[in-house]
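Reader: I have a chain here with a ligand, and I would like to talk it through. Could you please take me through the structure?

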Amino acid sequence: MTSASSSFTSPSSLRVKICGTTSLHDALLSADAGADAVGLIFAPVSKRLVQAKVAREISLALGPAVGRVGVFMNQGLDEVLRMAEASRLSAVQIHGEVSSLYLGTLACYYPVLRVLRPAELAGRDTSPGGDQTPKIESGLRHVQTLMLDAPSPGSGQPLDWESLRASFPPGAWLAGGLGPDNVARAIGALRPGGVDAVSHLESSPGVKNPDRVRAFVHEARKAALLASAESYPQ
Ligand SMILES: O=C(O)c1ccccc1NCC(=O)[C@H](O)[C@H](O)COP(=O)(O)O
């Protein structure tokens, strides 16, 4: 496994996901801005919940080139698979406590973005009284894309990128408090395989700010280009 600082991020391979899409209008906006994927949140705790009917409408309208990632948190396998099929999702993003069996089963049907918090990345939950069991389901690494996110998803809180430099898994995606103003610094620090954002791209919960969405995609692409140029030996 290469270290995060030496891994190569090709500008064309950085994936940009715009999460918390609740309307066809905003989905088309993100696609037009050059996003690779939109996130459709089905976790009931979210203030950005998308209606199943709207999610399906979005999936069918976006066509094959833009991913539709369903976001789930502590929801049963049956529910995830049912929503994914009904909404014509192209991938699922899984937050919360789930088993290896759960992830392995899902991975038979959909590409899985598995979300971890920094404490879990270190291999154990360091919170008071936390479970010390390693949290990366090692047998499933080959079928998962990891995403590192803040402990409270969708809260707009950035992670401490510097402290993650040594442990950030090559190719993992990064979320947590990203926006047009800081995504370049985050890419420069960790060279993620993808970036994902919601809070700092909105005018109100569940409603996108078009200028910020466009600026986010633009800044992310520009930073990936710079990072890949720096990765070439002189
Ligand atoms: O955004 C939410 O409301 C949400 C609620 C419950 C589970 C996941 C949720 N969002 C998932 C995402 O992928 C967000 O884009 C990610 O957490 C980053 O959010 P932000 O820090 O607000 O950019």
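Author: What follows covers the model, the ligand shell and one helix. This is a predicted model, in which local features need pLDDT of at least 70 and side-chain atom pairs count only at pLDDT 80 or more, while totals for chains, interfaces and linings use all residues. Residues are numbered from 1 along each chain as its sequence is written.

Reader: How many residues surround the ligand, and which are the closest?

Author: The ligand is surrounded by 27 residues (C-beta atom, placed from the backbone, within 6 Å of it). The closest are Cys19, Ser46, Pro153, Gly154 and Ser199.

Reader: Which strands supply at least two residues of that shell?

Author: Strands S2 (37-41), S3 (67-73) and S8 (194-197) each do so. Strands here are DSSP runs of E with at least two residues, helices are runs of H or I with at least four, and both are numbered from the N terminus.

Reader: Turning to helix H7, which of its residues are buried?

Author: In H7 (residues 183-190), Val183, Ala186, Ile187, Ala189 and Leu190 are buried (20 or more other C-beta atoms within 10 Å of their own, C-beta atoms being placed from the backbone). Seen down the axis of H7, these residues fall within an arc of 165°, taken from the directions from the helix axis to the C-beta atoms, so they line one face of the helix.

Reader: What do the buried residues of H7 pack against?

Author: They pack against helix H6 (161-164), strand S7 (173-174), S8 and helix H8 (210-231), with contact meaning C-beta atoms, placed from the backbone, within 7 Å.

Reader: And what comes just after H7?

Author: Arginine 191, which takes a positive phi of about 50°.

How values were computed: Buried ≥ 20, exposed ≤ 12 C-beta atoms within 10 Å, placed from the backbone. Contact = placed C-beta atoms within 7 Å.
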